[in-house]
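Subject: Structure handover

Hi,

Here is the structure for you to look at. My notes follow below it.

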Amino acid sequence: MCSSDLSTGVLSLNPAELQKITSGTLEIGRTDSTGTLAVSTLVGDTDVSATTLRLIGNDVNTFGGGIGSNIGPFFNHHVDIWANNDAYPGAIFLADNRNLTVIADRDNNLSGNAIFSGSTTVGTATNTTGSLTVQGENIQFLGSGAVSATIAVQGAGAQSFTARNAITMDNTGTGNVQVTTGTGLQSLTTTVGDMTVLASGAGGSGGLATFNAGSAQSITLGGGLVAQSRAGGVASADAAVSANGNQTINAKFVDLSGAGAGDAGVFVNSGAGAQNVNLTGQNGSNFTLRVVNAGTGQAYLQSAGSG
């Protein structure tokens with residue numbers, strides 16, 4: 001899609017063709033698709049006249065070209081990504097008060113994942129209310145090489161991740177992987193699986209893996225919450241789940257382990273809010289709460305907030 005190269009048997013729409021379409025919602029693709037809908041060149045703000053751009057396919061991948069520019073102009077339209085199988089939402093930069101919705105495993109056959117391995121930003125200002133909503137069988141945030149990836153919602157917009165199975169952040173590179181909010185709620189939910197945060201052991205100058213809520217953070221898990229700093233990681237290679245407001249965790253267990261120079265921590269920043277942790281089960285080793293450190297960093301479950 002949006003490619004200047006026309007391939008036999010492939011629907012290709014270039015930006016000039018997209019500009020000719022005016023509608024409330026510009027829907028590209030089919031709900032019964034068996035192929036991949038790929039964005040191969042940049043879709044800029046002026047390339048679309050519709051209020052909402054909706055991309056539909058068996059797999060949907062925006063990495064090749066991206067939507068909006070991180071140096072401006074940002075994309076001043078809502079974006080929906082609907083994939084029956086896997087969704088790869090990358091290089092998406094939305095303007096203020098615009099929403100990004102990503103649905104993987106839309107056919108509910110338990111095999112479609114939402115996979116983030118590049119930066120995505122919703123909004124630019126502190127007073128924006130645009131939101132990020134992600135659903136899938138699994139939701140993954142992956143880091144490799146020296147590239148950093150930030151998935152951010154600015155301002156008061158909400159950020160919600162809901163997986164039937166697991167939410168995993170796995171950084172194996174020397175860059176940083178961060179999921180952040182401004183003052184809106186950050187919500188992370190699994191129905192049956194764990195939420196796992198793995199910092200890198202690759203060395204270098206980064207390796208961070210973090211979910212950081214600029215305000216309140218709500219975590220509701222069918223499984224447990226796991227954070228681990230890997231051996232070989234530098235001091236900045238933390239595995240962190242943190243809030244600058246109230247932090248609420250409902251899970252079977254919490255397992256925090258340090259093996260490198262980075263920390264493995266779940267915490268509320270100083271003076272920010274209350275931390276409420278409710279644990280109802282055990283992991284495979286029969287731990288409900290385990291905090292262990294074999295590295296030179298720290299492992300901790302901590303509230304420096306108001307309660």
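**What I found**

Phe267 is buried, with a relative accessible area of 15%. The cut-off for buried is under 20%, so Tyr300, at 19%, also counts as buried. Keep in mind that this is a predicted model.

Phe267 and Tyr300 also belong together. Their rings form a tilted aromatic pair, 5.8 Å centre to centre, with 50° between the planes. The pair links distant parts of the chain. Phe267 sits in strand E25 (residues 264-268) and Tyr300 in strand E28 (residues 299-303), 33 residues apart.

**Other aromatic residues**

How many aromatic pairs does a search of the whole structure find? It finds 6. One of them is Phe116 with Phe161, an edge-to-face pair. The centres are 6.4 Å apart and the planes meet at 85°. Phe116 lies in strand E9 (residues 113-116) and Phe161 in strand E14 (residues 159-163), so this pair ties together parts that are 45 residues apart in sequence. Both residues are buried: Phe116 has a relative accessibility of 1%, and Phe161 has 0%.

Phe116 and Phe161 also join Phe141 and Phe211 in one aromatic cluster. Phe141 touches the other three cluster members, Phe116, Phe161 and Phe211. Its contacts also include Ile151, Ile167, Val177 and Val179, leaving aside residues up to four places away in sequence. Thr168, Met169 and Asp170 are on that list too.

**The nonpolar core**

The largest nonpolar core has 56 residues. Which of them touch the most other members? They are Ile139, Phe141, Phe161, Ile167, Met195, Val197 and Phe211. Strand E5 (residues 78-83) gives the largest share of this core, 3 residues. As background, nonpolar side chains tend to be buried together in soluble globular proteins.

**A buried glutamine**

Is Gln186 buried or exposed? Gln186 is buried, with a relative accessible area of 0%. It is in strand E17 (residues 186-190). A polar contact of 2.7 Å joins its side chain to that of Gln217. Beyond four places in sequence, the residues that Gln186 touches include Gln159, Val179, Phe211, Asn212 and Gln217. Phe211 is also in the aromatic cluster.

**A loop glycine**

Gly201 is in the loop between strand E18 (195-198) and strand E19 (209-213). Gly201 is partly exposed, with a relative accessible area of 29%. Which residues does Gly201 touch, not counting those up to four places away in sequence? They are Arg230, Ala231, Gly232 and Gly233. Val39 is 162 residues from Gly201 in sequence and 33 Å away in space, C-alpha to C-alpha.

**The chain as a whole**

The protein chain has 1 helix and 28 strands. Its radius of gyration is 20 Å, close to the 19 Å that the globule rule gives for 307 residues, so the chain is as compact as a globular protein of that length. The C-alpha trace spans about 60 × 40 × 35 Å along its principal axes.

Of the 307 residues, 51% count as buried. The accessible surface comes to about 11900 Å², and 47% of it belongs to carbon and sulfur atoms. Among contacts between residues at least 6 apart in sequence, 79% join residues at least 24 apart.

Best wishes

Methods: Residues numbered from 1 in each chain as written. Predicted model: local features only at pLDDT ≥ 70, side-chain atom pairs only at ≥ 80, totals over all residues. Heavy atoms only, no water. Phe/Tyr/Trp six-rings, centres within 6.5 Å; stacked < 30°, edge-to-face > 60°. Helix = DSSP H or I, 4+ residues; strand = E, 2+ residues; numbered from the N terminus. Buried < 20%, exposed > 50% of the residue type's maximum accessible area, 1.4 Å probe, protein only. Core = buried A, V, L, I, M, F, W, Y, C linked by side-chain atoms within 4.5 Å. Contact = heavy atoms within 4.5 Å. Polar contact = N/O pair within 3.5 Å; in protein donor to acceptor, adjacent residues only side chain to side chain. Rg over C-alpha atoms; globule rule 2.2 N^0.38 Å. Areas by Shrake-Rupley, 256 points an atom, 1.4 Å probe, with all protein chains shown as cover.
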